[in-house]
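Visitor: Take me through one part of this model at close range, please: the surroundings of a well-packed residue in the core. After that, follow the connections outward as far as they go.

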Amino acid sequence: MSVPLDHATLASDRVTPARSEVLPHELPDVLDDFPMARVLSLDCFDTLIWRDTYRPVDVFKVLPGIAGSQRARAEEAARRAAHLMVRGEDITIAEIYDKLMPGAAPETREAAIRAELDAEATHCYAFTPTVELIRRAKARGMQVVIVSDTYLSEDMLRELIARVGGEELSAMIDRVFVSSHWRLPKARGLYRHVLPELGVDAAAVLHIGDNLNADVRGVTPFGVQAVHLKQFHAEIERQLRLEACLDTLLSEGKGTLGAPQPHRAALAQWTPQLTDTAQHFGYAVLGPVFAGYDRWLDDEAEALRQRHGGTVHRLFLMRDGHLPMQVHRQRSGDQGHAVEISRFTATGAIFTTDAAIDAYVEDQLGTDPAVIARQLLAPPAEVKKLAAIPDKTKGTQALYALLDRREIRRFIHKAARRMADRIITHIRHAADPRPGDTLMLVDLGYNGSVQNRIDALLAEAMGVHVAGRYLLLREVEVSGLDKAGYFDERHYDHDALGAMANNVAVFEQFCTNTAGSVIDYTERGAPIRRANDIKQAQSAIREAAQQGCLHFARTQPAASGRASRDPAMEAEHWRRANAATLTRLMFLPMPYELGVFESFEHDVNLGTDETIALFHKGHAQRGLRQQGLFYLKGARRMFLPAELSEEGMATRLAYLATSRFGMMLNVGDFVAEGSFLVPTIYSNGQEVVETRFNALPTHNGYHSLCIPIGDCRYTAAIQFGALFDWVEVYSITALPQHEHLNNTHDTASREVAMSPLLEGIEAVSGNLWQCTSPHGFALINPPPRRDDTPMMLLVVFRPVTWKEGVTV
């Protein structure tokens, strides 16, 4: 069972006297520091009333018949006109719509204004800490007023507050002051009109607002005590901004709310209190996604119950289903059912026919033959023999020979039937379904491979309906099974889903428990697990992140209040916000996030002990300089965008856009401009050939020069002096040609660093070379020959200064 966050992990919630800044969670107690205050003055938007969106203008995107950009331009035009006509320094909403709809009838403009008010009321909520502050102020007998920079009238703003926060909240507000009435914003002196209206000494007024310039610098000159509400720390502000950007790449945008972020209030209230970075990550990233996912699972379970009748049993597939199950228990108190069905055990249950065996072997061609045999549940002694064959081709031939033996096939058929029986026993022990019930398999996704394997088995053996409900569903083939994803093709195109799924291993690492992956079951259905080799430190970080996630599930509902809700619209807002959060983590991780999981390894979980690093920080520079962005295609690590985190945003966005939109770019698109020929002398000890090789641009001014040297028989003299006065040589290596051309040298063991002999070139400092002669060259002898594998030299360099008169 999970436990609540320890109080030691929270920053002190006590405030310091004479403060000039307040954090959201400190708002209810802020009056303790101003005992002489008799009037509480509050800004409205982003202080009392918050929007569901990243920016106020994002609400404009749902205005009927009006584009958000049109509405924004009309406001700018109205402000320019007010300035030119000397009508004051602020405007009314009527003046905005005069500019927006100049040819419309007055009643048409009024209807459009009413539609905007309705949109604001629909997409706003009251921030709970501020509401609690108002309650405490009223309990002290204080007057509470709203002082807002807004184009709305006083009546409109009061109506909006009542519609959003309820009549009780509206009744606690004594006065409303708006800049549109006085034609003066706070930063330009609105308080000179407010103070006489209040009829109290300025020192008796405490004003709080989120805009430092307007709510502090614009108010304190009048003697009012002013406190800045700091909504978000810098890292959360950046996270939300990047997620808003990602929403624009994922969503169609037309007629939909711009960048919905229903988790803003909770992040504002709680992230400043979390001092552990892993818990912070769990709260700010995992929490919103899994809380939104669990809400959707509630809706799906009810829909399945109405459609099929009976009881809907939530079967959380371990290990990735661990965190979703914990969030479900936290939110609803319902336990759900933890079942351990891995891809290995589910696949092992299907080999009851020769056709199933043959189809699997055909699909897995190229995989280690011993791994295939192990998955087929072949006799362990035979698997061991295959593993001892070093040559994969010979190993594959031995596998075929093994499967030609009838007794081996009978062994596999029997093992598969027994595996299937044990899986059924395991599920009966966990959930005890009755005929007519529904088994709802809950997992992260992404193809639903386990369901593909066992759907028919469970339906036939138990008389149940099987439904898979995944965080993300992107099927490889159209299975025709009852599957749905919180993110699937009903919401996002195939390329967008692929971009989300490609790097999702980092998300998986925070969802699992400490148990190893199941590889079999006892006859009574108890799981038999292999050892978990994941480091203890990784497990501790994961546990802390999961506690942060559960803390979000507990606290989020209380961070905001609405007088009315539209469940369907709210669910869609959560889905979009969660998709943006997930994709932002995949492609634009924050520095602190990388620190949380930089040492993580990914468990391959195919009945083997293999783990793969999520990412290596230093590999990006080397890979980019050698091959440009295309180095990512050959890397086996699981979270490659993290390796680009120290590169410029242009590089990171190029990878994001290419992945998200499935762009068919190739190397030629990147080297069409910037390549040039480098003269090179070739020799095998008997013949000498002068030629030129193409230097292809890679990244940040670097170029790569690929020189074939056969089976280590050729020497190459690269004539840098003919082109450059100064050149920076990053690396010179020798490796098999096929590894470089096929993008497989990321993990190759045959890459050898080469040391050149310089003639007419001086290595001045580090990799910086000065070409002292126009005939200067770098002589590179081949590495020792091992076999007849064709080899090549890969020379990565960057021109510093070209020789005068050289043209390319």
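Guide: Let's fix one term first: two residues are in contact when they have heavy atoms within 4.5 Å of each other. What you have here is a predicted model, in which local features need pLDDT of at least 70 and side-chain atom pairs count only at pLDDT 80 or more, while totals for chains, interfaces and linings use all residues. Numbering starts from 1 along each chain as its sequence is written, and side-chain values use heavy atoms, with hydrogens and water left out.

Our starting point is Ile208. Setting aside neighbours within four places in sequence, Ile208 touches Val22, Leu27, Val30, Leu40, Ser41, Leu42, Asp43, Thr47, Leu133, Val227 and Leu229. Along with Phe507, Ile208 has the most contacts inside the largest nonpolar core, a set of 144 residues. (Such a core is made of buried Ala, Val, Leu, Ile, Met, Phe, Trp, Tyr and Cys residues joined through side-chain atoms within 4.5 Å; buried is under 20% relative accessible area, exposed is over 50%, and partly exposed is in between, using a 1.4 Å probe and protein chains only.) Helix α12 (residues 277-308) supplies the largest share of this core, 14 residues. (Helices, H or I and at least four residues, and strands, E and at least two, are DSSP runs numbered from the N terminus.) A separate core of 28 residues includes Ala695, Ala716, Phe720 and Ala734.

Now for the sheet in this part of the chain. Six strands, in the order β1-β8-β7-β2-β5-β6, make an open sheet with parallel pairing. (Strands pair if DSSP finds at least two bridges between them.) β1 and β6 (175-178) each have a single partner strand, so these edge strands have one side without a neighbour in the sheet. Further in, β2 and β7 (205-209) run parallel and are joined by 4 bridges. Ser41, one of the contacts of Ile208, stands opposite His207 in β7. Helices cover this sheet too: α4 lies across β2, β5 (143-148) and β7, at about 160 degrees to β2. Helix α5 (residues 154-165) touches β5 and β6, its direction making about 125 degrees with that of β6. (Those angles, from 0 to 180 degrees, are taken between the N-to-C directions of lines fitted to C-alpha atoms, for helices over the stretch in contact.)

Helix α4 also brings in charge. Arg136 and Asp29 form a salt bridge, 2.6 Å from N to O. (The rule asks for a side-chain nitrogen of Lys or Arg within 4 Å of a carboxyl oxygen of Asp or Glu.) This pair spans 107 residues of sequence, with Arg136 in α4 (residues 128-139) and Asp29 in the loop between β1 (21-22) and β2 (39-42). Asp29 is buried at 19% relative accessible area, whereas Arg136 is partly exposed at 32%. Both belong to a salt-bridge network with Glu132, Arg135 and Glu168. The count for the model is 54 salt bridges.

Helix α12 takes us to another sheet. This one is open as well, with 5 strands in the order β10-β9-β11-β12-β13 and parallel pairing. Its edges are β10 (337-339) and β13 (483-487), each with a single partner strand, so one side of each lacks a neighbour in the sheet. Neighbouring strands here are turned by 30 degrees against each other on average, direction ignored. Strand β9 (residues 312-317) runs parallel to β10, with 3 bridges between them, and Leu317 has Val339 in β10 as its bridge partner. As for α12, it lies across β9, β11 (438-443), β12 (465-472) and β13, at about 160 degrees to β12.

One last neighbour of α12 is α10 (residues 234-250). The buried residues of α10 pack against α12, and also against α11 (264-270), α21 (494-502), α24 (567-587), α25 (591-597) and α27 (649-661). Among those buried residues are Ile236, Leu240, Glu243, Leu246 and Leu250. An α-helix has 3.6 residues a turn, so residues three or four places apart point the same way. The end C-alpha atoms of α10 are 24 Å apart, agreeing with the 24 Å expected for its 17 residues (1.5 Å times one less than the number of residues).
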